[in-house]
Amino acid sequence: MSAELAHADDVALSHDAGHESDHDHGHPATVENNFLGLPNIKLAMWAFLGSECMFFGSLIGTYFFYHGKSLAGPLPQDVFSIGITSISTFLLLMSSLTMALAVDAMKLGNKNSARNFLLVTALLGATFVGFQVYEFSHFVHMGLGLSTSLFSSTFYVMTGFHGGHVTIGVIWLTMLALLIHQGKLNTQRLPVSVEVAGLYWHFVDIVWIVIFTFVYLLEFIQ
Amino acid sequence: MASVADFAQAQQPVYHMERPAKTGLVDWLTTVDHKKIGILYGTAGLIYLLIGGLEALLFRLQLMKPDQNLFVGDTYNGLVTMHATTMVFLAVMPLIAAFSNYFVPLLIGARDVAFPRLNAFSWYTFLFGSLILNASILFAEFPAAGWTGYAPLTSRGAHPGMAIDFWWAGLTLLAVSSMVAGVNFVVTILNLRAPGMTLMRVPVLAWMMLVIQFLLAFSFPPVAVGLILLAFDRSFGTVFYQVNMGGDPQLWQHLFWLFGHPEVYVLILPSMGIVSEILPVFSRRPLFGQHAVIFSGIFIGFVGFGVWGHHMFTAGMGPIADAVFAATTAVIAIPTGVKIFNWLGTLWGGKLTFPVPMMFAISFIPMFTIGGLSGVMHANAPLDLQQHDSYFVVAHFHYVLVGGALQGLFAGLYFYFPKITGRMMSETLGKVHFWLFLIGSNLTFWPMHDLGNRGMPRRIYTYPADAGWNDDNYIATIGVFFMTAGILALVYNLLTSLKNGKVAGRDPWDANTLEWITESPPRVHNFDFTPVVFSERPLFDHKHTEGLEIPVPSQPEQIHMPSYSWKPLWVSTGALMVVLGLLMFTVVPFIWLLSLAGGVVIIGSVYAWVSEPV
Amino acid sequence: MSQGHDAHATSHEAGAVHSHRGAYIRLGVILTIVTAIELALPFLKDYPEIWNPIKPVWAPLLVVMSIAKFGAVVAEFMHLRGDRRVYQFLFMSPLLLAVVLFPAVGALSVVTFRPFGEGYASTAIDVRSGYVAPTKGPALEAPLADEKFVLAFNEAKGKNFEAGKKIFGEKCVSCHGKAGEGVANLGFNLTDNCYKYGSTFKDLYLTVAKGQNGGKMPAWSASMKGEEMRQVVYYIKSLKGSNAAGGQPCVGDQVAD
């Protein structure tokens, strides 16, 4: 954009190269009109997470819509084991911390540290998924099949979709760490790339915070 | 005095592209240009409009006289289901997507959308979804559970064949496409506006598009979940909608209408935006109360999330819930009324001219108002108990969707055709289309009010001769012939005008907004230079107000344009493989391997997508 | 929305990047402690002297801690606090929608009866459509012939059905008579082997809870607790076949034992 045009503009314009594009999808072509001075991909991620709120809201809502209406056992109190779930909950919580540390390291330009934190995060996430697989197989062993009751259907689909999101996150973070390692990504846009991956990861964590309290812990209210 | 010709003086920008552009078929397969994707959406939408119209014609023939046997039972149910599904998801939605793709960047002075490749992904996912939705005809069966797909009509017990599987799979892909497009356009409109275009200077059409993108992004997840639960029920034996396992059919209704009602506003708001763009141009006046029009649109969008229960008054939610939903529904009439009075205020005292787009835009107002008023009647829960599932409801939503949404889109088509193709459409043929369609839609849908009041229920394939419904049904079917003739006039007009239409030039209607400063059709980069905006009517001010001209720079701009990409097609293909594997899970052994392969294709092509320079 | 920079965000964009590492780790520790408290609570059940005082506040406490954790991650780890308002709008508005809409949907779910304890709910009232899918799955009655129920019945029997008898004496005698023999045009005989609305525990419970016969038998769920209705059902069940003197004639089906 020519200088006099920029001058005629009465709103904040950012030409911050670090914000001009995204790593997953998109391109830097339209940066001339970056009206809010914000990276497209970060706006998109927040809007997407808004959409995800409605998605998980629907799944958790379905679980409670049918809560206590199962016609056959086993019931939640029969199968839930606070011990195992608490370990995986703790792992996911810690992965949120390492993710935040990865974003922090990337902002400071410390690529190696960021890559390592990303890998630790992915590893913690993978362990969480492993625990979930164990939990599911344990439940099936106790006679809780997918078609057993409303509880089993709603529980497996809800937590399964959460686990699927964690799995996608693990793939994403691993891919990102790999790309950072290879130096394939534009250095200037790396902080935003990591930050956006972090937003997704933290969101998956907060969904679990809700599920853990409302689905698992409150089950022991009686 | 400055004129639109000033913009022809600007120098062409200097391009920077990673890869040289492709030509021919490969170009159309790999394009990330929002205008080409818009044309693809528009073409698909018009084709599906013809298909959906044909389905309506067929079942109206069945209903023309009592006791006929042309299409009965599930054939009739399938025609009705596919008519509604096609019209809502495959005709009106892609036509809206066509307008938002083609014109949102032009309206806000941008070179493309925020994520051009993601936009192409939305298009392919839509295309695959629409094909799958219609694919059950290969197995000689239609999904026949109504477009609302109420449980347990969609269960294996009621629908043992594959039709419902294709139905959920197609709709799931369409939901993914719409959610992605919603996020993409929210970012586009918020972040890619031309310098100076504050939110209150964004044209009303772009504003309405912004509102519906929020609705798409936030209202599709519930129905996506509903469809996923249905898919699990049918393919993996879960019990979400199985009454004998304690399942409650109302769960589907809640999830469906949590999406379904915002969807109604997705269908109507763009037409309201188009009308709000057209009326000022042909009245030679600014839009009366532009801010009121914008804020009422936002209000409709928000409250639209709180009214889903009015589709379920007869489902037995209880008097408290019914009262709450009746109140919220009645409240929505207020912003809608605000808009209608603003349009009337725009016309008042204007120098009116009546080319075809203006005729459609003006007839939109009373037609939509009729549908809107019968809608307010339905807000009254006790009255709704009588009208529910009767032809009165059919009359109501067809006035809104045909007289409102579709007429608004026709208005936009005639208005923007010169910008898209560089040629004008024939006025004579356009008027033939307009009068045939207006007369036809009133002939068809007005008698349905009467049919409903005389107790004719929806979704019945025939009726006895002594029920008192013969004349109204006969007239309604005659109306369909008028509408069909009108649509044929439109198709003929489109095809001939492409070649023989009068050359349009940049600004054939002497209009107000940024899209008209580009060439017709616009070049790949849209604007030769980034326009700067000083008001809500930048082109009008350029032409008529001293000191507010849009400055035309003397130097060429350096710009980066996105290159073509195969990756969106790959990712969409992966998504297609995933749902194909899931929907055939129970009939084809080891078909889950296809889903698995689809997942691998998605991961691989996303990796390629990320590493690809654009 | 467009110009809402605050000092924090501006300092970031100006390039004055500083580390939040310490703050993140502190928050991580706090979140760990909160989670530990949440986990410890169920185990306190074994220590009544600690458990009894906190029992009533336990559920609200868990909810509050969950919301606090949620908020802390969003505000600090996701950095939404102090970030641009457009991000806040994009995330918070649908979050608010979800928080309002889905509890509303849950509340609209058909009133849940839990006559036989957690989980084994009656769903007879959900079978409005009358549609029973011809797929697998146990028949509606099967899980309700449940030993939990029989155990509770035997327990009540051990106490000579005192609780149920008392409530019967207050609420039921006016129509069903002192011994349950029934009153002409008011209440059926409960002491014969005839049942018009079903004889299983579940049927009896539903009849008490929801009412029957066009409201002649009122819906007691409005004024009785689930446990009270259960006790009455046990008592009524015990009356079967006692054939009290002056009983009303048989209405409905003869039910063998």
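Chain C is built from eight helices and two strands, where helices (H or I, at least four residues) and strands (E, at least two) are DSSP runs numbered from the N terminus. Read from the N terminus on, its elements go α-α-α-α-α-α-β-α-α-β. This is a predicted model, so local features need pLDDT of at least 70 and side-chain atom pairs count only at pLDDT 80 or more, while totals for chains, interfaces and linings use all residues. Residues are numbered from 1 along each chain as its sequence is written, with chains lettered from A and ligands numbered from 1 in the order in which they are written.

Chain C splits into domain 1 (7-108) and domain 2 (144-254), with bounds that come from an automatic or database domain assignment. The centres of these two domains, taken over C-alpha atoms, are 49 Å apart. Of the 257 residues in chain C, 30% are buried, meaning that 20 or more other C-beta atoms, placed from the backbone, lie within 10 Å of the residue's own (12 or fewer would make it exposed, and anything in between partly exposed).

Chain C also touches chain A, with 49 residues from chain C and 53 residues from chain A taking part; two residues are in contact if their C-beta atoms, placed from the backbone, lie within 7 Å. On the chain C side, the elements giving two or more residues are helix H2 (21-43), helix H3 (48-77) and helix H4 (85-108). H4(C) provides the largest share, 13 residues. By class, this side of chain C has 28 nonpolar, 14 polar and seven charged residues. Here Ala, Val, Leu, Ile, Met, Phe, Trp, Tyr, Cys and Pro count as nonpolar, Asp, Glu, Lys and Arg as charged, and the others, Gly among them, as polar.

Over in chain B, domain 1 (31-248) and domain 2 (269-461 + 469-502) have C-alpha centres 19 Å apart. Their contact brings together 34 residues of domain 1 and 32 residues of domain 2. Helix H2 (34-64), helix H3 (73-108) and helix H6 (204-236) of chain B each give two or more residues to the domain 1 side, which divides into 28 nonpolar, four polar and two charged residues.

Chain B also offers a helix pair to look at. The axes of H16(B) (residues 567-583) and H17(B) (residues 592-611) come within 7 Å and cross at roughly 160°; axes are lines fitted to C-alpha atoms, for helices over the stretch in contact, and angles run from 0 to 180 degrees between N-to-C directions. H16(B) and H17(B) are therefore roughly antiparallel to each other, the label for angles over 145 degrees.

Note on methods:
Parallel < 35°, antiparallel > 145°, perpendicular 65-115°, else oblique.
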